[in-house]
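Please consider the structure shown below, with attention to how the protein meets the nucleic acid. The paragraphs that follow proceed from individual contacts to the wider arrangement.

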Number of protein chains: 2
Amino acid sequence: MKPPKKTPTMSDVAREAGVSPMTVSRAFKSDAYVNEETRKAILAAADRLGYVMDSMASGLSSRKTGFVAVTIPSINNANFADTVRGLTEGLQAKGLQVLLGYTNYNQEEEERLVRQLLTRRPEAIVVTGGTHTGKCRAMLENAGIPVIETWDIPADPIDSVVGFSNADASAKIVAHLVETGRTRIAFLGGDASRDTRGFDRRRGFIREMESRGLDATRLVEAGPPPISMREGADALARLMSRWPDTEAVVCVSDLAAFGAMTECQRRGLAVPGTIAIAGFGAYEISDICVPPITSIDPHCYRIGLLAARRIIDLLSDGPDSETESHTLVEPGLLVRASTFSDCNP
Amino acid sequence: MKPPKKTPTMSDVAREAGVSPMTVSRAFKSDAYVNEETRKAILAAADRLGYVMDSMASGLSSRKTGFVAVTIPSINNANFADTVRGLTEGLQAKGLQVLLGYTNYNQEEEERLVRQLLTRRPEAIVVTGGTHTGKCRAMLENAGIPVIETWDIPADPIDSVVGFSNADASAKIVAHLVETGRTRIAFLGGDASRDTRGFDRRRGFIREMESRGLDATRLVEAGPPPISMREGADALARLMSRWPDTEAVVCVSDLAAFGAMTECQRRGLAVPGTIAIAGFGAYEISDICVPPITSIDPHCYRIGLLAARRIIDLLSDGPDSETESHTLVEPGLLVRASTFSDCNP
DNA sequence: GTTGACTATGTTATCGATAACATATAGATC
DNA sequence: GATCTATATGTTATCGATAACATAGTCAAC
C-alpha cells in the first residue's frame with residue numbers, strides 16, 4: 001500500500017518544525033529551556049510525521065539506556081511475576097524499563113542470559129538468587145553497574161541484596177508443625193542440584209529437624225524444578241508408600257503442596273486430620289483451596305519494589321542513600337487449616 | 001575496591017589484539033572472512049578485558065536491534081507466559097530477543113506501552129488481542145515492521161494474525177454442556193469493558209445459547225480482569241443466590257472456575273452432580289484439582305511458536321514465505337469430570 | 001549604559017558499532 | 001608471468017541522538 005519509507009528521525013521533525021535537531025531533543029526531554037510555543041509546535045510536527053523517538057540512539061549518545069535487566073528462573077511463576085511487577089512499577093517513575101529474561105533454573109542459562117542482557121547496556125541488573133557460575137559472577141562484577149541479588153541471602157554478595165533466608169523460612173514451618181504436635185515430618189522438593197532456593201529450603205528443614213532431635217531423612221524428590229502440581233501429587237504418593245505414618249509434609253512450593261493435597265483427597269487421607277500439609281510462596285491457590293494450605297509469604301512484590309528503590313537510590317547522583325546495601329524482607333508464616341491441630345488429638 | 005573504569009569497547013579489544021576494530025566486529029559476527037587464528041586471538045583478548053559487545057551501538061549502526069517487542073495483558077498469567085515462552089524459544093535460534101511489556105488489560109496502557117517499545121526499534125512486534133486505540137493502531141501501522149496480533153481474530157487485522165475465536169471456544173463449551181443434558185447455564189466473567197477476549201467469550205456464550213433457544217441472561221460479572229480465584233468464588237455465590245437452579249457455569253478462565261468450584265465445595269454443592277463447571281485456558285490447576293475441570297486448551301505455547309515462525313519468515317529476505325498471513329489455532333475442548341453427565345440422571 | 005542572570009536556540013563532536021568500499025596477499029589458471 | 005578469484009584485513013562515513021559549548025536576546029539592577 002504505502003511505500004516502505006523508513007521511520008522519521010529527529011532531523012525530519014526539526015525540519016518540519018523549522019528548528020534545529022537539538023531543540024527537538026530538548027522538547028522531548030523537557031529537562032531544559034524550550035519555549036512553550038516552540039515545544040508545542042515541535043510535538044505537533046512530531047505527531048504529523050508519526051515520529052517515535054529512537055531510544056537506542058539516545059542511549060548511545062547519553063550513555064543512559066533506560067534499561068534495568070532482570071533475570072528470573074521462570075516466567076511461568078506467580079511469585080517471580082510479582083517481583084517483576086514490583087520492579088516494573090517501582091522503576092516506572094524514573095522512566096526505567098525492565099528488560100526481562102529467564103534462566104530455566106539453570107546457571108549455565110543464567111550465564112548466557114546475563115551476557116545477552118549486558119550487551120544491552122542496562123543501568124542496573126537484578127538477578128534472582130545468590131549463586132552463579134564463575135564467569136557470570138565476573139561479568140556482573142565488571143559490568144560497572146549496580147547489581148541486586150534477590151530472593152536469597154548470598155554468602156558472598158556481589159553488591160546489593162534484597163532477600164530473605166529460604167532456610168529460615170523452612171525452619172519456621174517446621175517449628176509450627178512441631179508446635180502443633182507433629183514429629184514425623186517429611187520434605188517434598190525438587191532435585192537438589194539446580195534450584196538453589198529449593199535446596200536452601202530443604203537444608204533449613206533438615207537443620208531444624210535435627211536441632212529438635214527429629215528424624216530428617218524423609219526427603220522426597222519430585223524431579224527437576226519447577227515442581228508442578230502433578231509432580232507434587234506423584235511425590236506424595238511415593239512418600240506415603242515409603243513412610244505411611246508421615247504426619248506432615250513441608251513442600252517446596254504451594255503448587256507442589258496443592259498437588260500433594262489433591263493426591264490426599266484421591267486417597268481419602270484427611271488434611272489436616274491424618275496428614276498436615278504446608279507450602280511456600282503464598283500463591284492464591286493456597287488461600288482459596290479447601291482446606292486452605294499453610295504457607296510462607298515471601299512478599300514477592302515487596303522484594304521487587306525494594307530492589308527498584310535501591311536501584312533508583314544508587315543511580316541518583318546524591319551521595320546520601322536512603323536504602324541499605326542489604327535489605328532483609330522477613331517472610332511471614334500464614335497458618336491455615338491444612339495444619340490446624342484441633343483435628344489431630 | 002576497583003576504580004569505576006568504564007567498560008571496554010571494541011577499539012580496546014582491537015588494540016589488545018593488534019587488529020583493527022572492524023576485524024573485531026567480524027570476529028564477533030562470524031559472518032565474514034576472518035582468519036581462524038586471528039579470531040581466536042581476538043576472542044582471547046576480549047575475554048582478558050571482559051569485553052561484552054554493545055548491541056545498542058551495533059543496532060544503531062546495522063539497523064538491526066535484535067529485539068522483538070511483545071505485549072501481554074498481564075505478566076502473572078500462565079497462559080500468556082506460555083505464549084511468551086513459545087516466542088522466546090522460537091526466536092532464539094535467529095538471535096532475536098523478546099522485549100516484554102504488559103498492559104494490565106488496558107488499552108490506554110497498551111498505547112503507552114507500544115510507544116515505549118517502539119522507541120527501542122524492535123524488528124517486529126507481537127500484541128495480544130486485535131482491538132487497540134486509534135493512536136496505538138496508527139503507531140503499529142506506521143512502525144514499518146511486521147505486526148502480529150495474537151489470541152484473537154481481529155475484524156480488521158493490522159498485518160499478520162496468529163489466533164483463534166474466543167467466541168467459538170465458548171460456543172463449543174455450551175454445546176458440550178447442552179449435549180450432556182444441561183439447559184440452565186450461566187456465564188461467569190469479568191466486566192465486559194476492558195478485556196476484549198473475555199468479552200468475546202461472553203458474546204460467544206450468548207450467541208450459542210440463543211441459537212439453541214436457551215435463556216442467555218444468567219450473566220455474572222466478577223469485577224475487572226484479571227478475575228482471581230477469589231472473585232470466581234464470590235461470583236458463584238452471587239450466581240447461586242440469584243439463580244439457585246443453575247445447572248452449569250461457563251467461566252471466563254480456569255482460575256475463576258476453580259474458585260467457583262471451591263465455593264461449591266464450601267456450600268456442599270456437588271460438582272458435577274448438582275452443578276457442572278467449565279473453565280478456559282487449560283491451566284494446570286484444572287487438570288489436577290478434584291474433580292478436574294472441563295476446559296478449553298487455546299494452545300498458548302503453540303501460538304507463541306507460530307508467531308515466532310511468522311516473524312522469522314517475514315524478516316528473512318527470501319520472497320517465498322512458508323507461513324500464512326493469518327494462522328488459526330483451533331482450541332481443543334478438554335472434557336473432564338466437572339461436566340460429566342453420569343451423575344446427572 | 002553596562003553588567004549579569006536567565007531564557008532560548010544553534011553548532012560541533014561524539015557515543016560504539018557496522019556498511020560500504022578499498023587494499024593486500026596467496027594460490028589457481030591460462 | 002599475467003590474470004583472476006578467494007581470503008583476510010584496513011579505512012572512512014554513518015546510524016540517530018545528546019553533551020558540551022557557543023550564541024543571542026530580554027530584563028532587572030546598579
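In this predicted model, a base nitrogen of DNA strand D lies 3.3 Å from a backbone N or O atom of A:A57. The phosphates of the strand are approached by side chains of chain B. For B:S20, an N or O atom of the side chain is 2.8 Å from a phosphate oxygen of DNA strand D. For B:T38, the corresponding distance from a polar side-chain atom to a phosphate oxygen of the strand is 2.7 Å. Two elements of each chain give two or more residues to the surface near DNA strand D: α2 (21-29) and α4 (55-62) of chain A, and α2 (21-29) and α4 (55-62) of chain B. Of these, α4(A) gives the most, with five residues.

The surroundings of the strand may next be taken as a whole. There are 26 residues around DNA strand D, and those that come nearest are A:M10, A:S25, A:Y51, A:S61 and B:R63. By residue class, the surface near the strand comprises 11 nonpolar, 10 polar and five charged residues. On the side of the nucleic acid, sugar or phosphate accounts for 64% of the atoms of DNA strand D within 4 Å of the protein, and bases supply the rest.

The view can finally be widened to the domains of chain A. Its domain assignment gives domain 1 (1-49), domain 2 (65-164 + 300-330) and domain 3 (166-297); domain 2 is thus written as two segments. Taken over C-alpha atoms, the centres of domain 1 and domain 3 of chain A are separated by 60 Å.

Notes:
Residues numbered from 1 in each chain as written. Chains lettered and ligands numbered in written order. Predicted model: local features only at pLDDT ≥ 70, side-chain atom pairs only at ≥ 80, totals over all residues. Heavy atoms only, no water. Near = heavy atom within 4 Å. Polar contact = N/O pair within 3.5 Å; in protein donor to acceptor, adjacent residues only side chain to side chain. Helix = DSSP H or I, 4+ residues; strand = E, 2+ residues; numbered from the N terminus. Nonpolar A, V, L, I, M, F, W, Y, C, P; charged D, E, K, R; others polar. Domains from an automatic or database assignment.
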